[in-house]
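Work through the exercises below with the sequence and the structure side by side. Try each task before reading its solution.

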Amino acid sequence: TASEAVWRFLGLPLHKEFPNIFRLDVHLPGYQNVVFDPTEDMRDIFEAAERSSSTLLEWFALNQRDLNARQYLYTDIPEHYVWKDGTWFQRSYTKKKTVARIYSVSLHNQELFALRTLLKCQRGCTSFVDILTVDGFIHSTFREACAAYGFVQNDSEFIAAFTEYL
């Protein structure tokens, strides 16, 4: 890529950077990435789709099986747990720092942007329904849940999205 070429041209290091940055998935329910071989039988492809997971879905599973994990935000999980073989495991070596980043989302994809916003403030969710729940009321969309939290009363959340990576 062009950025890698510039780094190489300037003689900057490309590897062994500290701290490690771990990218966290964000997707709407049922829209996680599915990897499959198009030459396989159609039934095998559908089974692969049913078995597919993501860091977000596994965060829900982690919160269901580990009560200690419920105290952390989604973005805090890589600091305390390690992603291995498609699931989260308790980190045994805590001196190595890991920083988490949720993939950026366009403001035009309002529902996904709202989900990403909610993930930065809710702890211990075990399902998408938990994310939609605000003060005991289950909202029908993530945008409504954001409104219930007061995130869309002004433009501060949109300004924060623009300045997040600066």
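**Exercise 1. Strand register**

Task: Find the bridge partner of V82 in β3, then describe how the two strands pair and turn.

Solution. The model is predicted. Step one: in β3, F89 is the bridge partner of V82. Step two: place the strands. β2 covers residues 81-84 and β3 covers residues 87-90. They pair in the antiparallel sense, over 4 bridges. Step three: look at the turn. The hairpin has 2 residues between the strands, and D85 takes a positive phi near 55° there.

**Exercise 2. The fold as a whole**

Task: Give the number of helices and strands in the protein chain, and their order.

Solution. Step one: count. The protein chain has 8 helices and 6 strands. Step two: read from the N terminus. The order is α-β-α-α-α-β-β-β-α-α-β-β-α-α. Step three: check the contacts. Among those with a separation of 6 or more, 58% join residues 24 or more positions apart. Step four: turn to burial and surface. Of the 166 residues, 31% are buried. The chain exposes about 11100 Å², and carbon and sulfur atoms supply 55% of that area.

**Exercise 3. A buried helix**

Task: Which residues of helix α3 are buried, and what covers them?

Solution. Step one: α3 spans residues 55-65. Step two: its buried residues are T55, L56, E58, W59, F60, L62 and N63. Step three: recall the helix geometry. An α-helix has 3.6 residues a turn, so residues three or four places apart point the same way. Step four: list the cover. It includes the strands β1 (20-24), β2 and β3. It also includes the helices α4 (77-80), α5 (110-119) and α6 (128-132).

**Exercise 4. Ahead of the helix**

Task: Is S54 buried or exposed, and which residues does S54 touch?

Solution. Step one: S54 lies in the loop between α2 (42-51) and α3. Step two: S54 counts as buried because its relative accessibility is 4%, and the cut-off for burial is under 20%. Step three: leave out residues up to four places away in sequence. S54 then touches D25, H27, Q32 and W83. Step four: inspect the side chains. Those of S54 and H27 make a polar contact at 2.7 Å. Step five: compare with Y31, 23 residues apart from S54 along the chain. The C-alpha atoms of S54 and Y31 are separated by 10.0 Å.

**Exercise 5. A second loop**

Task: Where is T126 found, and with which side chain does the side chain of T126 make a polar contact?

Solution. Step one: T126 sits in the loop between α5 and α6. Step two: the side chain of T126 makes a polar contact with that of D130, at 2.6 Å. Step three: at 18% relative accessibility, T126 counts as buried. Step four: not counting residues up to four places away in sequence, T126 touches F60, N63, Q64 and R70. F60 and N63 are among the buried residues of α3.

**Exercise 6. Cysteines**

Task: How many disulfides are there?

Solution. Step one: apply the cut-off, a pair of cysteine sulfur atoms within 2.5 Å. The count comes to 0 disulfides. Step two: test C125. C125 is in no disulfide, and its nearest cysteine sulfur, that of C121, is 8.5 Å away. Step three: test C146. C146 is in no disulfide either, and its nearest cysteine sulfur, that of C121, is 7.2 Å away. Step four: check burial. C125 is buried, with a relative accessible area of 3%. C146 is buried, with a relative accessible area of 4%.

Key. Residues are numbered from 1 along each chain as its sequence is written. This is a predicted model: local features need pLDDT of at least 70, side-chain atom pairs count only at pLDDT 80 or more; totals for chains, interfaces and linings use all residues. Side-chain values use heavy atoms; hydrogens and water are left out. Two strands pair if DSSP finds at least two bridges between them. Buried means under 20% relative accessible area, exposed over 50%, partly exposed in between (1.4 Å probe, protein chains only). Contact means heavy atoms within 4.5 Å. Accessible areas come from the Shrake-Rupley method with a 1.4 Å probe; for residues, only the protein chains shown count as cover. A polar contact is a pair of N or O atoms within 3.5 Å; within protein, one must be able to donate a hydrogen and the other to accept it, and residues adjacent in sequence count only if both atoms are side-chain atoms.
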